[in-house]
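Student: Could you take me through one part of this model closely, and then show how aromatic side chains are arranged elsewhere in the chain?

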Amino acid sequence: MEQTLERATPESLGIPAGAIVNWVDELERIAPDFHSLMIVRHGRVAAEGWWAPNAPELSHALFSVSKSFTSTAVGLAIGEGHFGLDDPVVSIFPDEAPAQIGPNLAAMRVRHLLAMCTGHDQQTVDGADLGDGADLIRRFLSLPVADPPGTRFLYNTPASYMLSAIVHKRTGLNLVDYLQPRLFEPLGIEKPTWEADARGISMGGFGLRLRTEDLARLGQLYLQKGVWGGQRLLSAEWIEAATSLQVETGPELNPNPDWLQGYGYQFWRGQHDSFRADGAFGQFCIVVPAADLVVAITAGIGPMHLAVESLWNIVLARLQPHPLPEDAAAQQALTARLAGLRLVPHPGATSSPLEANLAGAEFAFDANQFGLGSLRLEFTQRGGALVMCGEGSKRPRRLKFGRGAWRLGDSAAVRGWPGQHLAAASAWRGQPLAASATWPRPDRLELDVCLCTNAYRYTLTFDFSGPRLHLAVHVNVAFGPTDLGVLVARRDTSVAHPAGTIPEPTRRLS
């Protein structure tokens, strides 16, 4: 992986190494699923760390951080003359516009999409419908626009999709291809991927995957007013507009102070005159111009505001305007702390006497909303495997797990698992995962499954205490409920294997 940002000691950049250790400690107190962090000051990396099995070379799902890259594409396209901030949206899509265009829709401009003040009084497309193959442009334009555009803020991810669609319509390129020579290549961002709809239009509001340092590079580009390596990539005027207050925000979405400072063009304003790219479950690129500071974070956490507040209270509060004396002991402690970052598997016993009875046994599910048909558990000295089939399917998905320790695998093993998150399984197909199994009690197996480069961490609890298996599915974060349901299965006595043996799977998928 190319490192285009220089490295330096924290003290040489005016940051006490001990403050970073304290911040890492606080992050782990806040939530168990932080994945990475990078602190950049004066253009150089002061500290970086990944909670293994996350790693520097892995791309992470960025959720709504994608919006800020969409904004960057819009700024570049406007600078090249493809369209303007005040172009009416309906004028760009005459074929998709409704037959009767109301005055508020007619008044909607590109700038209103950027600032999330389109005039709609609710999200224009339910999140579950995005990417369902429908004509999202036509759907967006067909819905009522209750208020004059520009009058109030409403966070509206389909507005970001419309920005992507505008770039696609006017340039003939999706966002990845358009940004490749203009942003990604100059910044050294390698192999970016972005989810697209059936028409090949990048989703805009989500779906981008990048590495942690790539996030920091975007923040540094904006901090440097669009100049990178002596070359201007993006106009200073666009950066000023995109990161300035364009519309006031209210407490409806998030009442915490950093979500009440206003919104720019697909960037949030924050305390301390900061701005940030901000994605669900703890994806951040935070820029504090007055401190010459950029911080990138990836995670799978619920209390996002606590991560930002801890940055202000622990790191920003201890920054100094000039270099500090080098502190070898503190730097050594920081290096060891960052090198030792690990996602911690769930605790419990690593084996149970029940394994001999369960090994290779088939369990058939009752009819369920997830379409799961059967499962079987296999146990080895090292760990084992969970083998699951869809209802009516003979094609198993085989997930290997360790005993109280992570065992690495591939997310293809969990494609089709229960949960609303898996509707976009193509977004993380081929991505690494880690799985660990423990026995919190002799008749209960708990399988901990972490999608390393995504926010989601699943807990599958197998309860064998009764005559039927009960399987409870929980996820650490979600846009809806985190308890995804309890499935019931019976042991299939028509399939028997000698106790304690492991049958050869009919098909191995890893």
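Tutor: In this predicted model, helix α1 is a good place to begin, and its buried residues are Ala-17, Ala-19, Ile-20, Val-21, Trp-23, Val-24, Leu-27 and Ile-30. These buried residues pack against three strands, β2 (34–41), β3 (44–50) and β12 (293–299), and against two helices, α11 (304–315) and α12 (328–339). The helix runs over residues 17–30, and because 14 residues at 1.5 Å a residue should span 20 Å, the 20 Å between its end C-alpha atoms agrees with that expectation.

Turning to the aromatic side chains, a search of the whole structure gives 20 aromatic pairs. One of them joins Phe-153 and Tyr-263, a tilted pair with 5.3 Å from centre to centre and 50° between the planes. Since Phe-153 belongs to the loop between α6 (136–142) and α7 (157–171), while Tyr-263 belongs to the loop between α10 (236–243) and β9 (268–270), the pair ties together parts that are 110 residues apart in sequence. Both Phe-153 and Tyr-263 are buried.

Another pair is formed by Phe-379 and Trp-439, whose ring centres are 6.3 Å apart and whose planes meet at 35°, so this pair is also tilted. Phe-379 lies in strand β14 (residues 372–379) and Trp-439 in strand β18 (residues 432–441), so that distant parts of the chain, 60 residues apart, are linked. Phe-379 and Trp-439 are both buried, and they belong to one aromatic cluster together with Phe-363, Phe-401, Phe-462 and Phe-464.

A contact of another kind involves Trp-259, over whose ring the charged end of Arg-276 sits, 4.3 Å from the ring centre.

Conventions:
Residues numbered from 1 in each chain as written. Predicted model: local features only at pLDDT ≥ 70, side-chain atom pairs only at ≥ 80, totals over all residues. Heavy atoms only, no water. Helix = DSSP H or I, 4+ residues; strand = E, 2+ residues; numbered from the N terminus. Expected span 1.5 Å × (residues − 1). Buried < 20%, exposed > 50% of the residue type's maximum accessible area, 1.4 Å probe, protein only. Contact = heavy atoms within 4.5 Å. Phe/Tyr/Trp six-rings, centres within 6.5 Å; stacked < 30°, edge-to-face > 60°. Lys NZ or Arg CZ within 6 Å of the ring centre and 35° of its normal.
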